[in-house]
Amino acid sequence: MQLEATSIFKTYEKKIPALVDISFHLDQRGIFSLIGENGAGKTTLVRILCTQLLPTSGSAMIDGLDVVLDAKQIRERIAAVPQEARAVPWMTPVQTITAYLMYRGYTHADAVQRSIDTIRKLGMEKIENQKNRKLSGGQKRKVLVATVLASEADIIFLDEPSTGLDYISRKELWGLFTSMKSERSIILTTHYLEEAEELATSIAILNKGKLVGFGSMEDLRKLSKYPYSIKVSSPNFELDEVKGEAIHLPDGVTQIFTYESNVYNLVNNLISRGLRFSVQEISLNTIFENIIYGGANR
Amino acid sequence: MIRHQGSQIYASILVNALYAMVNYPIMLVNTLLAPLSILAVVTFATHGTLLPVAAEGALIMSMVGSGTAMQGDLSHLKNDMRMQDMVVSSPTGPGIYITGMALSQIVYSFPTLVLLVIFNILFVHLTAIGALIVFTDMATIFTFAVSLGFFLSTLSTDIVQSWAFSGILSPILTTIPPVYYPISYIPMPYRYLAYISPTTYAAQIAQNQAGFTTLTLVQTAAYWSILLLITVVFGYIAMRRSRWRDI
């Protein structure tokens with residue numbers, strides 16, 4: 001999938017700017033994740049890309065098709081689960097998926113067969129004929145994801161599909177997304193940074209309607225001054241001999257942010273002192289905090 | 001892949017009528033109760049003399065109720081379920097979606113309509129041409145109600161608002177106007193107020209065919225013209241106002 005956004009602005013009726021000059025280029029299959037705080041503009045951007053909302057100005061192209069001018073052709077290829085979408089309570093999972101597939105133009109017989117096949121493939125056969133209102137929150141979300149998964153669409157938009165779910169339910173959804181990503185492109189918005197870090201091949205960070213970070217985890221780490229984090233089990237560890245910055249955490253651990261070239265020396269230093277430590281590349285959480293809140297590691 | 005438009009229309013009928021009827025049969029009582037209860041009250045109050053008029057009126061009420069109910073269903077599926085957004089990002093276009101939703105209302109009311117048609121066959125005596133004219137009359141008033149429902153759904157942002165619209169429409173369009181009784185029962189000068197409601201024209205056309213009232217050729221032509229004009233105007237406003245894609 002090729003996705004090209006060029007200077008997208010979106011201002012709602014009350015002159016509230018929701019998106020300000022968003023431009024990026026994406027040229028790969030896999031999972032593209034949009035992250036940001038509440039009101040950052042994630043849903044607005046996704047709704048524009050999946051042809052539900054018109055931009056105020058700017059353009060977006062999906063595989064060379066304009067989301068405004070060529071919406072009809074794009075809708076042949078995409079499927080979307082909006083934020084706060086709910087499975088109709090009086091319908092069963094099979095009925096939910098069947099109806100959605102028929103909206104995509106499948107015959108009733110084909111839609112029923114395909115929905116049953118998808119449900120069984122996802123291991124959801126125990127709930128296939130239960131009313132949606134009797135399902136757990138996680139099962140309801142899985143039903144909605146299954147509806148778009150059952151379709152032939154090769155670009156899937158999922159707007160905060162895991163919000164409010166417990167860890168186990170989220171992990172189950174992650175399994176679904178991972179199973180989809182080899183065959184389709186997924187555009188996923190999420191509040192859970194570990195979800196984006198675990199699943200996404202590319203990540204866009206939005207803040208107050210602006211794109212403040214874009215790329216792979218590797219690219220985003222380059223935005224930070226120190227791409228490595230070393231946690232040392234010592235509350236009084238001092239950083240005289242290494243370059244970087246140290247934070248004394250409340251649990252008696254010192255966290256050091258440093259350059260790649262310093263990691264080797266620092267590790268040797270820690271070993272020689274007999275201290276316990278762990279070395280990691282900085283997480284998306286750290287990158288996000290640095291970008292949004294302007295931490296020391298910016 | 002080959003996409004079947006018939007399937008896309010049938011999808012709305014499944015979601016909004018058949019699955020609801022199968023999974024919640026109690027909902028069928030709702031569509032039966034309103035027209036039949038007024039039919040019963042009018043019949044009892046007039047010792048049966050207005051039963052044929054009321055039977056025709058119940059049919060009109062059912063058609064109008066089916067059409068206007070669409071605004072609540074559209075609002076529910078758009079605002080509460082977010083299902084309409086899923087449909088927007090799919091190959092189904094707005095015309096197909098609305099057609100399916102309108103037909104779903106007929107399917108949903110089908111048991112009621114069958115019962116009322118039986119009542120009409122038993123108590124209202126029509127010629128074959130008269131039956132055809134009444135059928136066209138019902139189809140027109142249903143189209144008006146669907147357009148009105150669609151228009152109101154574009155105004156509604158919440159299901160609670162839709163309930164309010166439904167509560168207002170039913171008495172204004174079907175209970176108070178001379179749908180269940182002849183217009184001559186309304187004393188002058190209040191009779192003129194009845195002509196504010198499009199259902200008055202539909203009822204007058206139907207009652208004329210059954211011989212419950214007598215319209216001149218000019219009146220018949222005028223009533224048809226007004227009914228069609230109102231239907232076209234509301235349809236046009238609904239299409240103009242409605243937004244498949246938000247702005």
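**Exercise 1. Which residues lie nearest the centre of the largest pocket?**

Before we start: this is a predicted model, where local features need pLDDT of at least 70, side-chain atom pairs count only at pLDDT 80 or more, and totals for chains, interfaces and linings use all residues. Residues are numbered from 1 along each chain as its sequence is written, chains are lettered from A and ligands numbered from 1 in the order written, and side-chain values use heavy atoms, leaving out hydrogens and water.

*Solution.* Step one, the term: on a 1 Å grid over the protein atoms alone, a pocket is an open set of points with protein on both sides within 12 Å along at least five of seven lines, and a lining residue has an atom within 4 Å of a point.

Step two, the names: A:Arg47, B:Lys78, B:Asn79, B:Arg82 and B:Asp246 lie nearest the centre, out of 44 lining residues.

Step three, the volume (the space filled by probe spheres set on the points, with points joined across faces, edges and corners): about 1,200 Å³.

Step four, the classes: count Ala, Val, Leu, Ile, Met, Phe, Trp, Tyr, Cys and Pro as nonpolar, Asp, Glu, Lys and Arg as charged, and the others, Gly among them, as polar. You get 14 nonpolar, 17 polar and 13 charged residues.

**Exercise 2. Find which helix gives the largest share to the second largest pocket.**

*Solution.* Helices here are DSSP runs (H or I, at least four residues), numbered from the N terminus. This pocket holds about 870 Å³ and is lined by 28 residues, with B:Asn30, B:Thr31, B:Gly65, B:Ala69 and B:Tyr108 nearest its centre. Two or more residues each come from α1 (5-23), α2 (26-45), α3, α5 and α8 (159-175) of chain B. The winner is α3(B), with ten residues. Just one lining residue is charged, against 13 nonpolar and 14 polar.

**Exercise 3. Check the length of α2(B), then locate its bend.**

*Solution.* Start with the span: the expected value is 1.5 Å times one less than the number of residues. For the 20 residues of α2(B) that gives 28 Å, and the end C-alpha atoms sit 29 Å apart, so the two agree.

Next, the bend (the angle between axes fitted to the seven residues ending at a residue and the seven starting there). α2(B) bends by about 35° at B:Leu33, and B:Pro35 follows within four residues.

Finally, burial (under 20% relative accessible area, 1.4 Å probe, protein chains only): B:Pro35 is buried, and so are B:Thr31, B:Ile38, B:Leu39, B:Val42 and B:Thr43. Their cover includes α3, α5, α6 (110-123) and α8 of chain B.

Key
On a 1 Å grid over the protein atoms alone, a cavity is a set of points where a 1.4 Å probe fits but cannot get out, and a pocket is an open set with protein on both sides within 12 Å along at least five of seven lines; lining residues have an atom within 4 Å of a point. Buried means under 20% relative accessible area, exposed over 50%, partly exposed in between (1.4 Å probe, protein chains only). Contact means heavy atoms within 4.5 Å.
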